Amino acid sequence: MDKMELKALGKINLGLDVLGRRENGYHDVRMVMQTLYLYDQITIEKTEKPGIELSTNLFYLPVNENNLAYRAADLLMQEFGVEEGVKITLEKHIPVAAGMAGGSSNAAAVLYGINRMFSLGLSQEELMERGVKLGADVPYCIMRGTVLAEGIGEILTPLPAMPRCTVLVAKPPISVSTKLVYEKLDAHEIENHPDIDGVLEGLERQDLKKIASSMGNVLERVTVEEYPVIEEIKEMMKENGALNAMMSGSGPTVFGLYSDKRMAKEAAQKIKESGIAKQVYVTNIHNARRK
Ligand SMILES: C[C@@](CO)(OP(=O)(O)O)[C@H](O)COP(=O)(O)OP(=O)(O)OC[C@H]1O[C@@H](n2ccc(N)nc2=O)[C@H](O)[C@@H]1O
Ligand SMILES: Nc1ncnc2c1ncn2[C@@H]1O[C@H](COP(=O)(O)OP(=O)(O)O)[C@@H](O)[C@H]1O
């Protein structure tokens, strides 16, 4: 196999709770993760020239070891002493620094691809062990689907698949740093923990309304305090037919769950026209796990 085309899929958090802080600054979390059919397209080509050559359609992203896709390839190629090289082409569509695990998903896809391309023989478990060194969400991005993530996000329990629905995603034109959001959370006592068990119960019963009404993200308050536009987008989605709407991960992307695709499209139109967010997508959940 000298050339591979891969889809690196984004995620949302249906629930995100923080249970405590570790000495190294990382936090113990309890999150319900869901893959979306909104993806970056990655091409990996074998080259005779050794080394990694990365290019991307977004001029402001690094193309060296500061890019998670580069780092993922480097990690495996160094460990296994791969003598050939690779050319990686990264076409970004997942909003960047948005709480949708774009970088983590790119890293996951490259780990998966390099393992196959060079027949390294690593199991999914072994890829995940390496993935967590690149980012807390990378192991989940390798697994995909509806998953309970604990520890720092790397202890994964597959859950019953999310019932079919349409997801409206809107990212306001601001960027947030995940690290800063977690740090700001530490400055407050957490008053209301989200109802993660309610989300799990909804998934167990395949009850979309129960899932939607139980959704919660403990990081939301921190980001909304700084960027009230997030609350405005949530309200717009809810006023326009969403079962519920919430911020994903550390934000600032907001997603709304819809049982009706037409309504989601109409809401997307309104949000775009209002100018509150430019990156607006109507997409579906993606339940298949990676084999
Ligand atoms: C908030 C979440 C929710 O899914 O996602 P995003 O908003 O990034 O998509 C994740 O916990 C983010 O995962 P990820 O973005 O992979 O994290 P990393 O690169 O490993 O870490 C970035 C920074 O976030 C903080 N961090 C991350 C994970 C965690 N369990 N506790 C933390 O405190 C650390 O300060 C770290 O320096
Ligand atoms: N392949 C990549 N795609 C996107 N961002 C990347 C990538 N590699 C490194 N980064 C850096 O990581 C930061 C976080 O990006 P991203 O993974 O999109 O956000 P999030 O963790 O909020 O989902 C960006 O600001 C960017 O500079």
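Where is Pro252 found? I looked this up first in the predicted model. Pro252 sits in the loop that runs between strand 9 and strand 10. I checked the peptide bond before this proline and found that Gly251 and Pro252 are joined in cis, with omega at about 0 degrees.

**Entry: the sheet around that loop**

I next traced the strands on either side of the loop. Strand 9 and strand 10 (residues 254-258) pair in the antiparallel sense, over 4 bridges. One bridge I looked up joins Asn244 to Leu257 of strand 10. Both strands belong to an open sheet of 4 strands, whose order is 9-10-7-11 and whose pairing is antiparallel. I noted strand 9 (244-247) and strand 11 (279-284) as the edge strands, each of which pairs on one side only. For the turn between neighbouring strands of this sheet I recorded an average of 20 degrees, direction ignored.

**Entry: the chain as a whole**

I then listed the secondary structure of the protein chain, which comes to 10 helices and 11 strands. The radius of gyration is 19 Å, close to the 19 Å that the globule rule gives for 291 residues, so the chain is as compact as a globular protein of that length. I also recorded the span of the C-alpha trace along its principal axes, about 55 × 40 × 35 Å.

**Entry: the two domains**

The domain assignment of the chain gives domain 1 (3-158) and domain 2 (166-284). I noted that their C-alpha centres lie 23 Å apart. The contact between them takes 21 residues from domain 1 and 32 residues from domain 2. On the side of domain 1 that touches domain 2, strand 1 and strand 2 each supply at least two residues. Strand 1 gives the most to this side, with 8 residues. By class, I divided the residues of this side of domain 1 into 13 nonpolar, 5 polar and 3 charged.

**Entry: ligand 1**

Which residues come nearest to ligand 1? Of the 21 residues around this ligand, they are Gly135, Asp137, Ile152, Gly249 and Ser250. I looked up which elements give two or more residues to the shell, and they are strand 1 (3-21), strand 2 (27-47) and helix 5 (178-186). The shell around ligand 1 has 9 nonpolar, 10 polar and 2 charged residues.

Why does ligand 1 lie between the domains? I found that domain 1 and domain 2 both give residues to its shell, so the ligand lies between them.

**Entry: ligand 2**

I counted 17 residues around ligand 2, with Leu68, Ala97, Gly102, Gly103 and Asn106 as the closest. Helix 1 (68-79) and helix 2 (102-117) are the elements that give two or more residues to this shell. Helix 2 gives the most, with 4 residues. By class, the shell around ligand 2 has 8 nonpolar and 9 polar residues, and no charged residues. I noted that this shell draws at least three residues from each of domain 1 and domain 2.

**Entry: Ala97**

I returned to Ala97, one of the closest residues to ligand 2. What is the phi of Ala97 near? The value is near 50 degrees, which is positive in a residue other than glycine. I placed Ala97 in the loop between strand 4 (85-91) and helix 2. Helix 2, at one end of that loop, is also the element that gives the most to the shell around ligand 2.

Note on methods:
Residues are numbered from 1 along each chain as its sequence is written. Chains are lettered from A and ligands numbered from 1 in the order in which they are written. This is a predicted model: local features need pLDDT of at least 70, side-chain atom pairs count only at pLDDT 80 or more; totals for chains, interfaces and linings use all residues. Two strands pair if DSSP finds at least two bridges between them. Axes are lines fitted to C-alpha atoms, for helices over the stretch in contact, and angles run from 0 to 180 degrees between N-to-C directions. A residue is near a molecule or strand if its C-beta atom, placed from the backbone, lies within 6 Å of it. Ala, Val, Leu, Ile, Met, Phe, Trp, Tyr, Cys and Pro count as nonpolar, Asp, Glu, Lys and Arg as charged, and the others, Gly among them, as polar. Domain bounds come from an automatic or database domain assignment. Two residues are in contact if their C-beta atoms, placed from the backbone, lie within 7 Å. The radius of gyration is taken over C-alpha atoms; the globule rule is 2.2 Å times the number of residues to the power 0.38.
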